Amino acid sequence: MNYFLLIVEIISGLTVITGVLSAFFIWIKRLVEGQKCQLRSDMLRTYYKHKNEKQIRQYEFENFIFMYKAYKALKGNSFIDEIYSVVTQWQIIT
C-alpha cells in the first residue's frame with residue numbers, strides 16, 4: 001500500500017513539473033517570436049528610411065548588421081536576406 005501511495009505522489013509531482021516546463025517553453029517561444037518580429041520591424045524601418053538615397057550612416061549600418069545576425073540566430077526566415085543584401089551594397093556615410 002505504501003508503494004502505491006509513493007507511485008501516485010511521484011506521478012503527481014511529474015505531472016506538475018511537466019505542466020510548469022510546458023508553460024515555460026511556451027513563454028520562451030512567444031518571447032523569441034516577439035523578438036524576431038521586433039528585429040524584422042527595425043531592419044525594415046532602416047531599409048525604407050534610406051532606400052531612396054541608398055546611403056546609410058555607419059552606426060545605423062552596424063546596428064543593422066547586429067540585428068540581422070541576431071535575427072538569423074533566432075532562426076528568422078529568409079525574408080530579410082534580400083533586404084540585407086541590398087543594404088550591404090549601399091554607401092556607408094561616416
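Colleague: How many residues does helix 1 have, and what does it reach from its first C-alpha to its last?
Modeller: This is a predicted model. Helix 1 has 49 residues. At 1.5 Å a residue, the expected span is 72 Å. The helix comes close to that, reaching 72 Å.

Colleague: Which elements do the buried residues of helix 1 pack against?
Modeller: The buried residues of helix 1 are K36, L39, D42, M43, L44, T46, Y47 and H50. Buried here means under 20% relative accessible area. Their packing partners are strand 1 (55-57), helix 2 and helix 3.

Colleague: Which helix gives the largest share of the largest nonpolar core?
Modeller: That core has 15 residues, and M43, I80, I83 and V87 have the most contacts inside it. Helix 1 (2-50), helix 2 (58-73) and helix 3 (79-87) each give two or more residues. Six residues, the largest share, come from helix 2.

Colleague: Which residues does M43 touch, leaving out those up to four places away in sequence?
Modeller: M43 is a buried residue of helix 1. M43 is also among the residues with the most contacts inside the core. Its partners are F64, M67, Y68, Y71 and I80.

Colleague: Is the crossing of helix 1 and helix 3 left-handed or right-handed?
Modeller: The two axes come within 11 Å. They cross at roughly 35°. The crossing is left-handed.

Colleague: How many nonpolar, polar and charged residues are in the contact of helix 1 with helix 3?
Modeller: Helix 1 brings R40, M43, L44 and Y47. Helix 3 brings F79, I80, I83, V86 and V87. By class, that is one charged, no polar and eight nonpolar residues.

Note on methods. Residues numbered from 1 in each chain as written. Predicted model: local features only at pLDDT ≥ 70, side-chain atom pairs only at ≥ 80, totals over all residues. Heavy atoms only, no water. Core = buried A, V, L, I, M, F, W, Y, C linked by side-chain atoms within 4.5 Å. Buried < 20%, exposed > 50% of the residue type's maximum accessible area, 1.4 Å probe, protein only. Helix = DSSP H or I, 4+ residues; strand = E, 2+ residues; numbered from the N terminus. Contact = heavy atoms within 4.5 Å. Expected span 1.5 Å × (residues − 1). Axes fitted to C-alpha atoms, helices over the stretch in contact; angles between N-to-C directions. Left-handed = near helix turned anticlockwise from the far one by under 90°. Nonpolar A, V, L, I, M, F, W, Y, C, P; charged D, E, K, R; others polar.
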